[in-house]
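Student: I should like to learn how to read individual features of a protein model. Could we take them one at a time?

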Amino acid sequence: MLFLWLYMFYSCAGSCAGLTTRESPAPPRTAPPLPPLLPGEPGEESSLEEQRAAPDAGTPISSFFNGSGTKRLPQAIIIGVKKGGTRALLEFLRVHPDVRAVGAEPHFFDRNYERGLAWYRDLMPRTLEGQITMEKTPSYFVTKEAPARISSMCKGTKLIVVVRDPVTRAISDYTQTLSKKPDIPTFESLTFKNRTTGLIDTSWSAIQIGIYAKHLENWLLHFPIGQILFVSGERLISDPAGELGRVQDFLGLKRIITDKHFYFNKTKGFPCLKKAEGSSKPHCLGKTKGRTHPDIDQEVVQRLRDFYRPFNMKFYQMTGQDFGWD
């Protein structure tokens with residue numbers, strides 16, 4: 001009877017965060033082979049293979065007795081945006097003792113959905129009662145199918161979007177690509193369909209991602225605005241403790257992460273942790289962060305600002321926040 005009770009306890013743990021729904025794909029009986037390491041910054045994240053091999057495996061009953069916790073589907077997801085500051089936010093949040101997060105980006109709701117929720121849940125770290133399971137995959141925000149898929153998993157999932165001046169974000173996006181492919185065309189040539197007419201090429205992902213209002217409309221078809229927190233990428237640099245305070249409140253966590261956890265690294269130009277998760281040493285994001293942007297023609301920058309302005313105004317209205325981009 002004791003073992004039956006324990007089994008029932010485990011099966012019910014996590015509320016809807018641990019259950020599948022009819023709309024979700026049926027989970028396979030055995031997890032299929034993992035894909036190659038997902039594209040990302042070298043040395044920035046641990047691979048999914050490394051996480052799957054981490055020494056936290058065990059049966060539900062053994063996990064209960066040894067206190068290692070259980071794997072649950074995430075109750076909160078950082079869904080975007082690319083080059084907005086999502087990696088910094090996740091690393092800062094992992095300092096909190098009640099936050100457990102996947103290091104690598106699972107890309108479940110955009111690239112790996114057919115693998116099923118059982119595969120997805122197996123990627124998650126083990127949590128104890130009262131802890132929050134999280135993941136971050138910035139491409140979810142611009143993936144058309146992602147809102148419905150996440151809602152199907154659990155309608156109560158809390159969503160976090162880190163946004164940044166779309167012009168600066170586009171240049172940062174280009175800078176990252178340039179570091180990997182030095183022979184790509186110039187930023188100016190990629191920005192326009194026709195530079196003479198000034199027609200912006202919205203099919204270029206670096207431009208498209210920054211049309212935040214358009215992407216948000218898709219999410220609001222499935223989630224109420226109050227279930228989405230919008231974090232300022234700029235304030236995450238200038239006042240990390242302030243933004244983390246808002247995030248902790250949103251997640252229902254005690255405000256443990258404060259000013260005492262940060263110091264400003266003048267060389268990199270952004271805040272770093274005095275002590276990272278599981279370490280007593282200071283920690284800054286890797287060399288792939290804070291790259292020097294190339295010089296961009298100021299006329300092109302101004303045309304982009306003019307292009308984004310109406311979309312920014314609409315985004316401010318939708319979110320009830322003025323991010324001060326212009």
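Student: Which side chain does His107 join in a polar contact?

Tutor: In this predicted model, a polar contact of 3.1 Å links the side chain of His107 to that of Asp110. His107 itself sits in the loop between strand S3 (99-101) and helix H5 (117-123).

Student: Is His107 buried or exposed?

Tutor: Buried means under 20% relative accessible area. His107 has 3% relative accessibility and therefore counts as buried. The reasoning carries over to Arg87, which lies in helix H4 (residues 86-93); Arg87 is at 5% relative accessibility, so it counts as buried.

Student: Where does UniProt place the feature "binding site"?

Tutor: The unreviewed UniProt entry places it at several residues, including Arg87, Arg164, Ser172 and His293. Such annotations may be inferred rather than shown by experiment.

Student: Why is helix H10 described as largely enclosed by the rest of the structure?

Tutor: One counts the buried residues. In H10 (residues 212-219), 6 of the 8 residues are buried, so the helix is largely enclosed. Among them are Tyr212, His215 and Trp219.

Student: At what angle do the axes of H7 and H13 cross?

Tutor: The axes of H7 (residues 166-180) and H13 (residues 298-319) cross at roughly 125 degrees and come within 9 Å. H7 is therefore oblique to H13.

Student: Which residues of H7 meet H13?

Tutor: Pro166, Val167 and Thr168 do, and their partners in H13 are Val301, Leu304, Arg305, Tyr308 and Asn312. By class, the residues of this contact comprise 5 nonpolar, 2 polar and 1 charged.

Key
Residues numbered from 1 in each chain as written. Predicted model: local features only at pLDDT ≥ 70, side-chain atom pairs only at ≥ 80, totals over all residues. Heavy atoms only, no water. Buried < 20%, exposed > 50% of the residue type's maximum accessible area, 1.4 Å probe, protein only. Helix = DSSP H or I, 4+ residues; strand = E, 2+ residues; numbered from the N terminus. Polar contact = N/O pair within 3.5 Å; in protein donor to acceptor, adjacent residues only side chain to side chain. Axes fitted to C-alpha atoms, helices over the stretch in contact; angles between N-to-C directions. Parallel < 35°, antiparallel > 145°, perpendicular 65-115°, else oblique. Contact = heavy atoms within 4.5 Å. Nonpolar A, V, L, I, M, F, W, Y, C, P; charged D, E, K, R; others polar.
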